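Reader: I am new to this structure and should be grateful for a close look at a single part of it.

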Amino acid sequence: MVAHWEKKRVLITVRTYPTPARKGIEVSCTGGVTDAGEWIRLFPVPYRFLEPDRRFKKYQWIDVDAIKAADDPRPESFKLNIETVRVGSKIPTTDRWRARKDVIFPLRRPSLCQIEKTRKEEGAPTLGIFKPAEIKQLRIEKTAQDWSSDQMAILSQQLLSFGPQPSQTLEKIPYDFRYEFRCDDTACRGHKIMCTDWEMGESYRRWAREYGDNWEAKFRLRYETEMISKNDTHFYVGTVHQHPGSWIIVGLFYPPKSDELDFFE
């Protein structure tokens, strides 16, 4: 079947911290839910190179032309035409968590184990959202301080097809953040998977500048203590292109527990 460009209306729900990529200099995994209630993954999105009027935010609707990605077998993966992005309305701030749930929760599944079982049997989904039965801890693991020489070579290129060049080189986050958790599934043996959420990367950058060597206490309060005890935390997850059975957490959905709704009762 020959793919064709389609007009898509998408509520953006996830955006990961950018990484160097040969096709696009630096890109983020960007995804959301269409107005037809389906998952979609959009790429390449070199966010820092976009014109200001095309810089969409999370939980903002966009209209864009997209085509099924020829080099990515994941059914939700679409290549977008950046020039066609039109930024629309945001989910209203009044009762915003309930408004977001109205769009997202019809796609919610009981567990990562169940999502992966369905993927193995049916080939999809490769994107999903679920609530872990127990978040045990957030692991913070030190990695390389700087980009590799190959990564720096990619970042030093000029992306002439896009807008103004960023004033600063993409900052490397010298840590991996992994959540250790257990699914609400009797067969679950536990998981420990990386979280690449854009908000976590930005929080590290901001708090490392503000608190210096004491950044971790603030970071853990936000992304471990509060995510476990204060928020009704769900994980957005997606598979890795080159490793179909490997999942990463691509975003966090964290309404307050007082606003909890359980669609699986």
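In which sense do strand S10 and S14 pair, and over how many bridges? Please describe S14 and the surroundings to which it belongs.

Author: The model is a predicted one, and the account below begins with the strand in question. Strand S10, residues 127-130, pairs with S14 in the antiparallel sense, and 4 bridges hold the pairing. Within this pairing, Phe130 stands opposite Phe235 of S14.

S14 also has S15 as a partner: these two strands run antiparallel and are joined by 7 bridges. Here Gly238 stands opposite Ile248 in S15. The connection from S14 to S15 is a hairpin of 2 residues. As for exposure, 6 of the 7 residues of S14 are buried, so the strand is largely enclosed by the rest of the structure. In a regular strand, side chains alternate between the two faces of the sheet.

S14 (234-240) and S15 (243-253) also take part in the largest pocket, for each gives two or more residues to its lining. Strands S2 (19-21), S5 (39-43), S6 (60-68) and S12 (175-182) do so as well, together with helix H4 (198-211). This pocket holds about 1,400 Å³ of space. Its lining comprises 46 residues, and those nearest its centre are Thr19, Pro20, Ala21, Val27 and Cys29. By class, the lining has 23 nonpolar, 12 polar and 11 charged residues.

Helix H4 deserves a description of its own. It has 14 residues and reaches 20 Å from its first C-alpha to its last, close to the 20 Å expected at 1.5 Å a residue. The buried residues of H4 are Glu199, Met200, Gly201, Ser203, Tyr204, Arg205 and Trp207. These buried residues pack against strand S11 (134-142), S12, helix H5 (215-229) and S15. S15 is thus a link in the description, being joined to S14 by bridges and packed against by the buried residues of H4. Just after H4, Gly212 takes a positive phi of about 60°.

H4 also leads to the second largest pocket, where it supplies the largest share of the lining, 3 residues. About 360 Å³ of space lies in this pocket. Of its 15 lining residues, Arg48, Gln168, Leu170, Glu202 and Arg205 lie nearest the centre. Arg205 is also one of the buried residues of H4. The lining of the second largest pocket divides into 6 nonpolar, 3 polar and 6 charged residues.

Terms used: Residues numbered from 1 in each chain as written. Predicted model: local features only at pLDDT ≥ 70, side-chain atom pairs only at ≥ 80, totals over all residues. Heavy atoms only, no water. 1 Å grid on protein atoms, 1.4 Å probe; cavity = no way out; pocket = protein on both sides within 12 Å on 5 of 7 lines; lining within 4 Å. Points joined across faces, edges and corners; volume = space filled by probe spheres on them. Nonpolar A, V, L, I, M, F, W, Y, C, P; charged D, E, K, R; others polar. Buried < 20%, exposed > 50% of the residue type's maximum accessible area, 1.4 Å probe, protein only. Pairing = 2+ DSSP bridges. Expected span 1.5 Å × (residues − 1). Contact = heavy atoms within 4.5 Å.
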